[in-house]
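Thank you for making time this morning. I would like to walk you through one structure, slowly, and I will put it up on the screen before I say anything about it.

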There are 2 protein chains.
Amino acid sequence: MVILSKQNPLVKELASLKEKKGRRERGAFLVEGVKMVREAVAAGLDVRRIVVREDYAGETYALPAVTLGEGAFAAVCDEKTPQGIAAEVALPAAGVRPPEGRCLFLDGLQDPSNVGAIVRTAVAAGYAEVYLADCADAFSPKSVRSSMSGVFFARIMQGSREEIFSALEGVPLLAADMGGQDVFTLTPPEKFCLAIGSEGSGLSDKTRARADIIVRIPMDERCESLNAAVSAGVLMYALRRA
Amino acid sequence: MVILSKQNPLVKELASLKEKKGRRERGAFLVEGVKMVREAVAAGLDVRRIVVREDYAGETYALPAVTLGEGAFAAVCDEKTPQGIAAEVALPAAGVRPPEGRCLFLDGLQDPSNVGAIVRTAVAAGYAEVYLADCADAFSPKSVRSSMSGVFFARIMQGSREEIFSALEGVPLLAADMGGQDVFTLTPPEKFCLAIGSEGSGLSDKTRARADIIVRIPMDERCESLNAAVSAGVLMYALRRA
C-alpha cells in the first residue's frame with residue numbers, strides 16, 4: 001500500500017520530526033538517504049520504521065516499512081532532493097550520565113551544522129560522550145546530516161549546565177577561551193572534559209567558573225577566533241596525544 | 001545625494017559583485033557589515049568606495065562614499081539583514097606566485113563556507129599563502145563572511161593545478177589522504193605546502209601524483225572522514241609544531 005496524502009496521520013507525524021517538539025513527542029528522529037540509513041541499521045540503532053518513496057528500488061531491510069507517494073515523501077524529508085529512503089530512529093534515552101572516558105561539553109552552540117560537525121569529529125577523535133547545554137538540537141535534520149553518522153556513535157546527552165556539571169563531578173574541566181594556556185604545551189589529565197563555547201559569545205559564566213584549566217589555540221594576532229567546529233577539532237586532537 | 005533606483009548603473013555594478021563574473025569584470029569584491037568594513041580599512045586594503053544605506057549613522061571613513069536608499073542597498077548586499085555599510089574592495093593581483101613560507105593548497109573544495117573557514121584558519125595558524133584550484137571562489141560573499149577577515153590577510157591565489165604546481169616547484173607537498181602517515185608522528189620539513197582535497201572526492205589525481213608525503217588524521221574506525229574545514233584545521237595545527 002502506498003500512502004499518497006500529506007494529511008495522512010503517519011505522514012504528518014513523520015514530518016513533525018523536523019521540529020524539536022515533534023522529535024520530543026515521538027521520542028524519535030529521522031535519518032535520510034541511502035548511506036545514512038544503511039549506517040543507522042548497521043550501527044544497531046533502534047530503527048522503528050523504514051520509510052521509502054514508491055519509486056525507491058535500492059537496498060531494503062528486514063524492518064517495518066512504509067511506502068509513500070512522491071509528495072508525501074517530500075513532505076516528510078528535510079533534504080531538498082531526497083534519495084527515496086529514510087528511517088525513523090528512536091532517540092537515545094534522556095538523562096545526563098557520567099562519562100566513561102574523555103568527553104566533550106558544548107556550551108551554547110546555536111549552529112546545527114557546527115554541532116553536527118563537532119559530533120562527527122568527537123567520534124573520530126575518541127571522545128565518547130558529547131554533552132550539550134543551550135545548544136542547537138543534535139538530532140535536527142541539519143545536525144544529523146553534518147554529523148554524517150556521528151550521532152549514531154556518540155553518547156549524546158542534552159541537559160542543563162547544572163545537570164551536566166553534576167554528572168561531571170570529579171572530572172577535570174578544560175575550557176577553551178582566550179588567555180588560557182597554549183593547548184599544545186599542556187599535558188592533559190588522563191580523563192577530562194573539554195568545554196567549547198560559542199563563536200560569538202564564548203563560554204558561559206557558569207562554565208568559566210567551573211573550569212579547572214583554561215586552554216587556548218595559539219593564533220596569529222590578526223585573528224580573534226576560529227569557526228567553532230574547527231576550533232573544537234583542533235582542541236580535541238591537540239589534547240588527544242596523552 | 002541618495003541613489004534610490006536599483007536600476008542605477010552603479011547599483012547594478014555593485015550588485016554584480018555577488019557573482020564571480022561581476023567580480024572578475026570589476027576586479028573587486030564586496031565586504032559587508034560594520035566590523036568587516038572596519039577591518040578591511042584597517043588592514044590597508046585597496047578600498048574603492050564605501051557604500052552606506054541612507055539611515056546609517058555609524059563610523060565613516062575618509063574614503064570615496066556613496067549613499068543608497070534602502071531598496072538599492074539591499075539589492076547590493078548578500079546578507080539578508082544588512083547592517084547599513086559595505087565596501088567595494090579591489091581583488092588582489094591575479095597570477096600565481098611562489099610561497100614565502102608554509103602554505104596551503106585547496107584542491108577542488110566546492111563549499112564556499114568551508115573555503116572561507118579554511119582561509120580564516122590558515123591566517124590563524126600562520127600559513128601565509130592559500131592556493132586554490134577548482135574551488136569555490138574565495139571572494140564570494142559566503143566565503144568572505146565565513147573567513148571573517150581572513151581573506152584580507154591571506155595571500156589568496158586562484159589558478160590551475162599546473163600553474164600552482166609550477167609556483168610550488170621545489171616545495172615539498174604534504175597531501176592529506178587515507179592511508180598516509182599519521183600527521184601527529186611526522187616531523188614536517190621547515191617549508192612545505194599542505195594540500196587538502198574535497199570531502200566527497202578527496203585529492204585529485206594530479207595532486208596525488210605530485211605529493212611528496214601523504215598524511216592522515218588518525219580516526220576512529222567508524223569514521224570515514226571529517227568536515228573539510230575541520231580536517232584542514234587539525235592538519236594545519238598538527239604540522240605547525242615544527
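Let me begin with a question: which residue of chain B lies over the face of B:Tyr127? The residue is B:Arg102, at 5.3 Å from the ring centre. If you turn to chain A, you will find A:Arg102 over the face of A:Tyr127, at 5.3 Å from the ring centre.

Before going further, I should say that what you see is a predicted model. For chain A the mean pLDDT is 95, with 99% of the residues at 70 or more, and the model as a whole scores ipTM 0.93 and pTM 0.94. As a general caution, predicted coordinates should not be read in detail where pLDDT is low.

Now to the aromatic rings. Over all chains, a search of the whole structure turns up 10 aromatic pairs, and I will take two of them in turn. In one of these, A:Phe29 and A:Phe139 have ring centres 4.8 Å apart and planes at 50°, and because that angle falls between 30 and 60 degrees, the pair counts as tilted. A:Phe29 sits in strand E2, residues 28-32, while A:Phe139 belongs to the loop between strand E7 (129-133) and helix H6 (141-146), so this pair ties together parts of chain A that are 110 residues apart in sequence. A:Phe29 has a relative accessible area of 2% and is therefore buried, and A:Phe139, with a relative accessible area of 4%, is buried as well.

The other pair I have chosen is A:Phe105 with A:Phe165, which is edge-to-face, at 5.5 Å centre to centre and with 80° between the planes. Here too distant parts of the chain are linked, since A:Phe105 is in strand E6 (residues 103-107) and A:Phe165 in helix H8 (residues 161-167), 60 residues apart. Both A:Phe105 and A:Phe165 are buried.

Let me stay for a moment with the loop between E7 and H6 of chain A, which also holds A:Ala138. Is A:Ala138 buried or exposed? Its relative accessibility is 0%, so A:Ala138 counts as buried. For a sense of distance, the C-alpha atoms of A:Ala138 and A:Tyr61 are separated by 26 Å, the two residues being 77 apart along the chain.

That brings me to the enclosed spaces, of which the count comes to 3 cavities of 30 Å³ or more. The largest cavity holds about 50 Å³ of space, and among the residues that line this cavity are A:Leu30, A:Glu32, A:Val76 and A:Phe139, the last of which we have already met in the tilted pair. By class, the lining of the largest cavity divides into 6 nonpolar, 1 polar and 2 charged residues.

Finally, a word on the second largest pocket, whose volume is about 580 Å³. This pocket is lined by 28 residues, and those nearest its centre are A:Met178, A:Met219, A:Glu224, A:Ser225 and A:Leu226. Two or more lining residues come from each of strand E9 (173-182), strand E10 (193-197), strand E11 (213-216) and helix H10 (228-239) of chain A, and strand E9 gives the most, with 4 residues. Sorted by class, the lining of the second largest pocket has 13 nonpolar, 8 polar and 7 charged residues.

Terms used: Residues are numbered from 1 along each chain as its sequence is written. Chains are lettered from A and ligands numbered from 1 in the order in which they are written. This is a predicted model: local features need pLDDT of at least 70, side-chain atom pairs count only at pLDDT 80 or more; totals for chains, interfaces and linings use all residues. Side-chain values use heavy atoms; hydrogens and water are left out. pLDDT is the predictor's confidence in each residue, from 0 to 100. Rings of Phe, Tyr and Trp (its six-membered ring) pair if their centres lie within 6.5 Å; planes under 30 degrees apart count as stacked, over 60 as edge-to-face and the rest as tilted. Buried means under 20% relative accessible area, exposed over 50%, partly exposed in between (1.4 Å probe, protein chains only). A charge sits over a ring if NZ of Lys or CZ of Arg is within 6 Å of the ring centre and within 35 degrees of the ring normal. On a 1 Å grid over the protein atoms alone, a cavity is a set of points where a 1.4 Å probe fits but cannot get out, and a pocket is an open set with protein on both sides within 12 Å along at least five of seven lines; lining residues have an atom within 4 Å of a point. Grid points are joined across faces, edges and corners, and a volume is the space filled by probe spheres set on the points. Ala, Val, Leu, Ile, Met, Phe, Trp, Tyr, Cys and Pro count as nonpolar, Asp, Glu, Lys and Arg as charged, and the others, Gly among them, as polar.
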